[in-house]
Amino acid sequence: MNLRSHYAIASALVATLTLAGVAVQAGTWDSYTKKLNPSKGEAVAYDRSDCTAPNAEGYFAFIDKPGVTYTSVGWFNDKASCITLGPKTRVRIYQHTNFGGSTWNIENNETDSIKQVAMSGWWNDTLSSIKVWTMP
Ligand SMILES: [Ca+2]
């Protein structure tokens with residue numbers, strides 16, 4: 001399997017999270033901006049530094065759901081270069097798997113807009129695990 005088709009399949013898998021037999025769609029795909037827009041309690045990280053995913057490839061969605069944890073991110077390890085947070089959403093990103101190493105907290109306090117943060121410098125291509133919460 002070539003790299004391109006691998007990315008396409010992986011993206012399709014993460015876009016729809018199956019939990020207890022119920023398919024949960026993460027966010028809303030915008031074919032114009034090439035972004036997966038996260039809802040409240042959701043975050044989307046991208047391989048690209050401008051938070052876009054041409055051909056709907058190279059992103060990973062995270063959802064605040066009971067029983068769902070991201071102790072590792074599989075094929076997306078050490079790739080994140082940008083992240084978007086849905087309204088009233090908080091994340092803590094980790095340098096290593098299993099919530100290890102350095103951490104970075106990012107919050108979106110807005111109730112009606114998505115927050116975009118470039119993960120530049122030391123944090124570029126570093127994310128290996130993440131926690132996501134819905135804020136009150
Ligand atoms: Ca990257």
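Visitor: How many bridges pair S5 with S6, and in which sense do the two strands pair?

Guide: In this predicted model, Val-44 stands opposite Ala-61 in S6. Strand S5 covers residues 42-46 and strand S6 covers residues 59-63. S5 and S6 pair in the antiparallel sense, and the number of bridges is five.

Visitor: What is the order of the open sheet of four strands?

Guide: Beyond its pairing with S6, S5 is joined to S7 by four bridges, again antiparallel, with Ala-45 opposite Ile-83 in S7. S7 in turn pairs with S10 over four bridges in the antiparallel sense, and Leu-85 has Lys-115 in S10 as its bridge partner. The order of this open sheet is therefore S6-S5-S7-S10.

Visitor: Which are the edge strands of the sheet with the order S6-S5-S7-S10?

Guide: The pairing throughout this sheet is antiparallel. Neighbouring strands are turned by 15° against each other on average, direction ignored. An edge strand pairs on one side only, and here the edge strands are S6 and S10 (115-118).

Visitor: Are the faces of S7 covered or open, and which residues show this?

Guide: In a regular strand the side chains alternate between the two faces of the sheet. A residue counts as buried if 20 or more other C-beta atoms lie within 10 Å of its own. Both faces of S7 are covered, since the buried residues are Cys-82 and Thr-84 on one side and Ile-83 and Leu-85 on the other.

Visitor: Which strand supplies the largest share of the largest nonpolar core?

Guide: In soluble globular proteins, nonpolar side chains tend to be buried together. The largest nonpolar core here has 28 residues, and those touching the most other members are Ala-43, Ala-45, Tyr-46, Tyr-59, Ala-61, Phe-62 and Ile-130. Strands S5, S6, S7 (82-85), S8 (89-96) and S11 (129-134) each supply at least two residues of this core. The largest share, five residues, comes from S6.

Visitor: Which residues does Ile-130 touch, not counting residues up to four places away in sequence?

Guide: Ile-130 is among the core residues that touch the most other members. Residue 130 falls within strand S11 (129-134). Apart from residues up to four places away in sequence, Ile-130 touches Phe-62, Tyr-70, Val-91, Arg-92, Ile-93 and Tyr-94.

Visitor: What is the order of the open sheet of three strands?

Guide: Seven bridges join S8 to S9 (residues 100-108), and these strands run antiparallel; in S9, Thr-103 is the bridge partner of Tyr-94. Six bridges join S8 to S11, also antiparallel, with Arg-90 opposite Trp-133 in S11. The edge strands are S9 and S11, and the order is S9-S8-S11.

Visitor: Which residue in the turn between S8 and S9 has a positive phi, and what is its value?

Guide: S8 and S9 run antiparallel. They form a hairpin with three residues between them. The residue in the turn with a positive phi is Asn-98, at about 55°.

Visitor: Why is Thr-71 classed as partly exposed?

Guide: Thr-71 is found in the loop between S6 and S7. Leaving aside neighbours within four places in sequence, Thr-71 is in contact with Thr-97, Asn-98, Phe-99 and Ser-129. A residue is exposed with 12 or fewer other C-beta atoms within 10 Å and buried with 20 or more. Thr-71 is partly exposed because the number of other C-beta atoms within 10 Å is 13.

Visitor: What distance separates the C-alpha atoms of Thr-71 and Ile-130?

Guide: Thr-71 and Ile-130 are 59 residues apart along the chain. Among contacts in the protein between residues at least 6 apart in sequence, 65% join residues at least 24 apart. The C-alpha atoms of Thr-71 and Ile-130 are separated by 6.8 Å.

Visitor: How many strands are there in the protein?

Guide: Read along the sequence, the pattern is α-β-β-β-β-β-β-β-β-β-β-β. The protein has 136 residues, of which 32% count as buried. Alongside one helix, the number of strands is 11.

Visitor: Over which residues is the pLDDT below 50?

Guide: The protein averages a pLDDT of 87, and 82% of the residues score at least 70. One stretch has a pLDDT below 50, although beyond near neighbours in sequence it has 24 contacts in the model. That stretch is residues 5-24.

Conventions:
Residues are numbered from 1 along each chain as its sequence is written. This is a predicted model: local features need pLDDT of at least 70, side-chain atom pairs count only at pLDDT 80 or more; totals for chains, interfaces and linings use all residues. A nonpolar core is a set of buried Ala, Val, Leu, Ile, Met, Phe, Trp, Tyr and Cys residues joined through C-beta atoms within 7 Å. Two residues are in contact if their C-beta atoms, placed from the backbone, lie within 7 Å. Axes are lines fitted to C-alpha atoms, for helices over the stretch in contact, and angles run from 0 to 180 degrees between N-to-C directions. pLDDT is the predictor's confidence in each residue, from 0 to 100.
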